[in-house]
Amino acid sequence: MANVFISHRKVDVSAAQRLAEEVSAAGHRVWFDEWEIGLGDSVVERINAGLEGTSYLVLCYSAAGVTSPWISREWMSTLHRQLEGCGVRILPVRFGGAAPAILSDLRSADLSQDWDRGCEQLMKAIR
């Protein structure tokens, strides 16, 4: 199964955790900050380790956007790795709002309109 990194803003943590649980239940290894960063851990070190081993970065975005320092670094570094041919893909997941302009050509799974259908589309994209 695939290694999947769930990237989200704190404001979207409930929906992101629900999504992480569904991806995990489908048999994939999920990196989700709430599960992977413990008390006393280096946040930067744990995120870096998660990004290095991922096959898919699920970019969750909403009306809150994707412009926080953490989420921006996660998806921007993954986009760079993807463009360099590193075998990682960004899979946008919409809780609402709009994707960043540089990713607007990527089809997204729209969970804001139909959660089950959006999850089904995401699971098909994760191999």
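## A salt bridge between distant parts of the chain

In this predicted model, a salt bridge brings together the side chains of Glu34 and Lys10, with an N to O distance of 2.9 Å. The two partners are 24 residues apart and link distant parts of the chain, since Glu34 belongs to helix H2 (residues 33-36), while Lys10 sits in the loop between strand E1 (3-7) and helix H1 (13-25).

The two ends of this pair fall into separate accessibility classes: Glu34 has 42% relative accessibility and therefore counts as partly exposed, whereas Lys10, at 55%, counts as exposed because the cut-off for that class is over 50%.

## A pair within helix H5

Glu120 and Lys124 also meet through their side chains in a salt bridge, at 3.6 Å from N to O. Both residues lie in helix H5 (residues 115-125), where a separation of 4 residues corresponds to about one turn of the helix. Glu120 is partly exposed, with a relative accessible area of 45%, and Lys124 is exposed, at 61% relative accessibility.

## A network of shared partners

Elsewhere, salt bridges with partners in common join Arg29, Glu36, Asp41 and Arg46 into one network. Within this group, Asp41 forms a salt bridge with Arg46, and the closest N and O atoms of that pair are 3.9 Å apart, a distance that qualifies because the criterion is within 4 Å. Asp41 counts as partly exposed at 36% relative accessibility, and Arg46 is likewise partly exposed, with a relative accessible area of 26%.

## The whole structure

A search of the entire structure finds 7 salt bridges, among them Glu34 with Lys10, Glu120 with Lys124 and Asp41 with Arg46.

Methods. Residues are numbered from 1 along each chain as its sequence is written. This is a predicted model: local features need pLDDT of at least 70, side-chain atom pairs count only at pLDDT 80 or more; totals for chains, interfaces and linings use all residues. Side-chain values use heavy atoms; hydrogens and water are left out. Helices (H or I, at least four residues) and strands (E, at least two) are DSSP runs, numbered from the N terminus. Buried means under 20% relative accessible area, exposed over 50%, partly exposed in between (1.4 Å probe, protein chains only).
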